[in-house]
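Could you walk me through this structure in the viewer, step by step? I would like to know what to select next and what is there.

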Amino acid sequence: MAAPLSVEVEFGGGAELLFDGVKKHQVTLPGQEAPWDIRSLLVWIKKNLLRERPDLFIQGDSVRPGILVLINDADWELLGELDYQLQDQDSVLFISTLHGG
Amino acid sequence: MAASEEVLALKAEVALREKELSSLKQKLAAALLAEQESVPVSPLPPKAALSREEILRYSRQLVLPELGVRGQLRLATASVLVVGCGGLGCPLAQYLAAAGVGRIGLVDYDVVEMSNLARQVLHGEALAGQAKAFSAAASLRRLNSAVECVPYAQALTPATALDLVRRYDVVADCSDNVPTRYLVNDACVLAGRPLVSASALRFEGQLTVYHYDGGPCYRCVFPQPPPVETVTNCADGGVLGVVTGVLGCLQALEVLKIAARLGPSYSGSLLLFDALGGYFRSIQLRKRRPDCAACGEQPTVTDLQDYEAFCGSSATDKCRSLQLLSPKERVSVTDYQRLLDSGTPHLLLDVRPQVEVDICHLPHALHIPLKHLERRDAKGLKLLGEAIRERKPGTQEGAALPVYVICKLGNDSQKAVKILQALTEAHELDALTVQDVVGGLMAWAAKIDETFPQY
């Protein structure tokens with residue numbers, strides 16, 4: 001049984017507009033059987049934080065192309081992507097890439 | 001009598017000046033055209049020493065030990081291709097020219113518009129309607145006549161990009177759309193050039209250096225283009241000029257460090273700027289991907305492709321025209337004006353965000369933002385229901401009240417019609433006939449009421 005986790009979830013680059021315009025969310029993930037990973041965090045976010053069209057954020061069981069996921073300020077690709085196991089006090093940032101100039 | 005003579009004299013004077021002005025404009029257009037044909041291809045010759053004038057001009061940066069004479073000579077023989085002469089490209093090119101970069105190529109297919117001037121600081125009122133590439137080149141020449149500026153007043157295309165990129169040492173992506181970003185990346189990978197990339201929207205900016213010294217390229221980080229509906233341009237999302245200015249300057253800094261061989265700071269990392277929060281944040285990006293389609297060990301991108309098809313969008317940041325409704329579900333601004341003049345009972349529903357309604361609106365319109373309709377906002381639907389009932393008595397017995405939906409350009413209004421149709425079918429609203437106004441308020445401003453603001 002994994003203990004509850006306190007995690008900072010942050011959105012930027014316009015992704016926050018799907019979350020009532022709120023960039024920083026301090027969240028507590030409840031204790032559960034399996035350890036919390038990014039895959040299960042995405043399901044939790046979709047259920048608990050997402051306010052607008054899910055397809056603009058999630059595609060399949062991952063984020064849509066064009067959203068960069070950063071765990072403690074590092075590209076999630078360096079840390080196992082969806083399989084990264086969250087630690088207490090982790091910070092997860094979802095950045096929508098900008099194209100304007 | 002004297003007054004009328006003065007009026008006549010002034011009129012004659014004005015006519016004379018107007019004639020002179022028109023002749024000057026013709027000369028300018030011819031000069032601009034001649035410029036386009038002189039495109040140099042030769043690499044810049046090596047430079048052994050700085051002149052007395054150059055030493056004076058660049059003295060403040062020459063005394064920096066990290067740069068020094070050696071760095072300045074490198075800048076003088078460096079060539080930089082600037083893709084996009086907009087909010088990023090203007091400040092970038094301005095600082096490159098001021099710092100004494102030898103040759104600056106300026107690519108932009110677009111013309112200067114009044115709505116550009118709040119952030120595209122190389123362009124002025126006098127050159128509205130002229131090609132941005134020429135306008136930028138003219139400004140840079142006034143700033144530093146020793147810098148060779150090469151305007152390319154055309155779109156960067158798969159047919160031209162590789163040849164162009166190969167003529168320059170460093171490339172700066174200051175473009176405003178997804179297909180161009182993939183095109184510039186692939187051209188840089190194929191030509192072996194470092195790419196300094198920046199972007200900005202609203203109050204945020206992002207900056208990184210791609211394909212430098214074994215670092216990742218754009219495709220390593222973004223193997224798949226984003227879905228079209230998730231991409232926002234500056235016209236829709238808005239942008240503050242200072243934000244593109246800050247990013248363009250940071251981009252210039254990275255270009256100068258590469259050109260002077262001091263090495264960039266943001267290869268393999270991404271700088272995020274939040275202007276509203278007032279902070280910068282640096283993020284560690286992934287390494288170059290061995291399986292990257294462009295820069296990987298077995299690349300599948302071996303020549304430039306059709307990037308508009310790959311991204312499903314066009315290589316501009318102009319607003320797309322959606323076609324969600326059939327022609328009979330839409331009215332033109334001319335037809336709507338006729339209906340308005342005839343006094344036919346109806347409801348005009350403006351579905352733009354509040355911030356745009358504050359800019360301008362038609363006084364008789366009811367305002368409910370599309371977002372509220374999308375989330376079936378109870379307050380919004382109540383307001384709508386009341387407005388419909390209020391106007392209903394004016395219609396003939398049993399006839400449905402006509403509702404016309406309007407927005408800025410005629411895209412959101414079509415989405416709103418779809419929602420209203422669904423609500424009517426679900427009996428959440430009284431029977432309606434709903435149509436949208438083609439081209440929205442900007443068509444109204446262009447065709448019906450020229451005093452109505454355009455934005």
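Here is a short tour of chain B, from the whole chain down to one strand and its neighbours.

Keep in mind as you go that this is a predicted model. Start by selecting chain B as a whole: its C-alpha trace spans about 90 × 80 × 40 Å along the principal axes. Switch to a cartoon view and you can look for 18 helices and 13 strands. Of the chain's 455 residues, 49% count as buried. With a surface switched on, chain B exposes about 22,100 Å², and carbon and sulfur atoms supply 55% of that area. Colouring by charge picks out 47 positive and 50 negative side chains, the centres of the two sets lying 5 Å apart.

Now zoom in on strand β10, residues 347–350 of chain B. Are its faces covered or open? Both are covered. L347(B) and L349(B) are buried on one side, while L348(B) and D350(B) are buried on the other. That fits a general pattern: in a regular strand, side chains alternate between the two faces of the sheet.

Next, add strand β12, residues 401–406 of chain B, which pairs with β10(B) in the parallel sense over 4 bridges. Click on L349(B) and you will find V405(B) of β12(B) opposite.

Then select strand β11, residues 366–367 of chain B, which runs parallel to β10(B) and is joined to it by 2 bridges. Here L349(B) stands opposite L366(B).

For the last stop, show helix α14, residues 354–359 of chain B. Together, β10(B), α14(B) and β11(B) form a right-handed β-α-β unit.

Methods
Residues numbered from 1 in each chain as written. Chains lettered and ligands numbered in written order. Predicted model: local features only at pLDDT ≥ 70, side-chain atom pairs only at ≥ 80, totals over all residues. Heavy atoms only, no water. Buried < 20%, exposed > 50% of the residue type's maximum accessible area, 1.4 Å probe, protein only. Pairing = 2+ DSSP bridges. Right-handed = clockwise from strand over helix to strand, strands pointing away. Areas by Shrake-Rupley, 256 points an atom, 1.4 Å probe, with all protein chains shown as cover. Lys, Arg positive; Asp, Glu negative; His and termini not counted. Charge placed at Lys NZ, Arg CZ, Asp CG, Glu CD.
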